[in-house]
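Thanks for sharing this one. Here are my notes, set out as numbered points that you can check against the coordinates.

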Amino acid sequence: MKVGIPKGLLYYKYHPFLITFFKELGADVVVSEDTNKKILDLGVKYAVDEACLPIKIFHGHAAALMDKCDIIVIPRIMQIKKNEYICPKFCGLPEMVTNSIENMPLSITEPIYTFTKKRLYHWAKSAGKKVTGNEFKIKHAFLKAYEGQLNYTAGILDEDYDIKIALVGHPYNIYDNFVNMNLVNKLNKLGVGVETMEFTQEFLISLEINNLYKRPFWTFARENYGFAVNASKEKRVDGIIYISSFNCGIDSVIIELIKDKVGSFPFLTLKVDEHTGEAGIDTRIEAFTDMLERRIVNESNIPTHG
């Protein structure tokens with residue numbers, strides 16, 4: 001059996017688990033190609049107009065796999081952590097894809113409630129039965145997949161640069177190089193290192209969240225706020241770049257909360273959608289980098305009136 005896995009959304013964080021699980025079940029795993037113009041065009045064709053760029057791109061990846069697999073994995077992710085949720089579009093993703101794209105193969109759409117070992121095993125038992133009826137094999141595949149995920153190191157931490165920025169945003173915007181137009185590589189070429197959320201300890205994020213008047217409802221909102229505020233407060237970075245999808249409701253709130261908290265700390269928001277031009281991105285990050293360089297050079301030579 002050929003199992004298709006679309007290379008979109010939270011694939012970038014949890015692909016070791018998915019790929020290992022289905023390979024251990026004996027399936028031939030087919031992963032869609034890296035996001036490109038063809039994938040984007042397919043996504044724009046099939047997704048509803050109101051969908052954000054990452055959702056459209058996921059549609060494109062699913063459509064690209066349509067004739068290449070017997071069954072396709074479209075996760076219905078309800079939660080990543082207890083008492084927190086993610087964008088509701090994740091909950092309805094299977095229906096969005098299967099009702100928008102005709103002749104889709106059989107789909108694995110079992111819901112995932114938090115990424116704990118117990119909950120994931122519940123998902124694995126249900127999803128694995130679509131491939132094999134051997135429960136022992138499913139359990140063995142799950143344990144291998146869970147171990148592979150635990151040993152997977154995500155994130156970016158550049159240490160050999162004089163200037164560093166905190167790159168903040170949803171993982172599918174940070175790690176999809178087509179979406180962000182190779183942003184990390186562009187920054188590195190400008191002499192700027194990057195740090196992402198994965199290298200900030202959970203308790204430090206929680207400390208920053210405790211200062212808010214209300215705990216964020218969304219997992220990515222909590223992580224992005226805690227990371228950005230902590231990185232600026234501890235001066236681990238010289239600036240913050242937040243890459244956001246146009247029309248993202250969660251980001252529209254959390255970006256303002258971060259800006260309000262960090263005050264005059266250098267902060268750049270990059271909005272992306274299917275119409276974003278690369279020249280515009282290049283100009284903005286070059287200007288931001290120039291500003292950071294001048295700030296570092298002149299920070300000890302402040303005039304009387306500031």
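1. Let me start with a tryptophan. Leaving aside neighbours within four places in sequence, Trp123 is in contact with Phe17, Leu18, Phe21, Phe22, Ile108, Glu110, Pro111 and Ile112, where contact means heavy atoms within 4.5 Å.

2. A word on the basis: this is a predicted model, in which local features need pLDDT of at least 70 and side-chain atom pairs count only at pLDDT 80 or more, while totals for chains, interfaces and linings use all residues. Residues are numbered from 1 along each chain as its sequence is written, and side-chain values use heavy atoms, with hydrogens and water left out.

3. Trp123 also appears in the largest nonpolar core, which has 105 residues; the members that touch the most others are Leu10, Phe21, Phe22, Trp123, Ile165, Leu167 and Ile241. Such a core is a set of buried Ala, Val, Leu, Ile, Met, Phe, Trp, Tyr and Cys residues joined through side-chain atoms within 4.5 Å. Buried means under 20% relative accessible area, exposed over 50%, and partly exposed in between (1.4 Å probe, protein chains only).

4. Next, Leu18, which lies in helix 1. Helices (H or I, at least four residues) and strands (E, at least two) are DSSP runs, numbered from the N terminus. Leu18 counts as buried because its relative accessible area is 11%. Beyond its neighbours within four places in sequence, Leu18 is in contact with Ile5, Val73 and Trp123. Its C-alpha atom is 9.7 Å from that of Ala124, 106 residues away along the chain.

5. How many cavities of 30 Å³ or more does the structure hold? There are three, and the largest has a volume of about 210 Å³. This cavity is lined by 20 residues, with Leu10, Tyr11, Leu18, Pro75 and Ile77 the closest to its centre. Helix 1 (11-24) and helix 6 (117-128) are the elements that give two or more residues to the lining, and helix 1 gives the most, with four. For the method: on a 1 Å grid over the protein atoms alone, a cavity is a set of points where a 1.4 Å probe fits but cannot get out, and lining residues have an atom within 4 Å of a point. Grid points are joined across faces, edges and corners, and a volume is the space filled by probe spheres set on the points.

6. Now the sheet. Four strands form an open sheet in the order 8-7-9-10, with parallel pairing; two strands pair if DSSP finds at least two bridges between them. Strand 8 (192-195) and strand 10 (267-272) are the edges, each pairing on one side only. Neighbouring strands are turned by 30 degrees against each other on average, direction ignored. Helix 13 (residues 278-298) packs on the sheet, touching strand 7, strand 8, strand 9 (239-245) and strand 10, and its direction makes about 170 degrees with that of strand 10. Axes here are lines fitted to C-alpha atoms, for helices over the stretch in contact, with angles from 0 to 180 degrees between N-to-C directions.

7. Some pairing details to check: strand 7 (residues 163-168) joins strand 8 over four bridges, with Lys164 partnered by Gly193. Six bridges link strand 9 to strand 10, and Tyr242 has Thr269 as its bridge partner. Five of the six residues of strand 10 are buried.

8. Finally, is His61, in helix 3 (residues 53-65), buried or exposed? His61 is buried, because its relative accessibility is 0%.

Note on methods
On a 1 Å grid over the protein atoms alone, a cavity is a set of points where a 1.4 Å probe fits but cannot get out, and a pocket is an open set with protein on both sides within 12 Å along at least five of seven lines; lining residues have an atom within 4 Å of a point.
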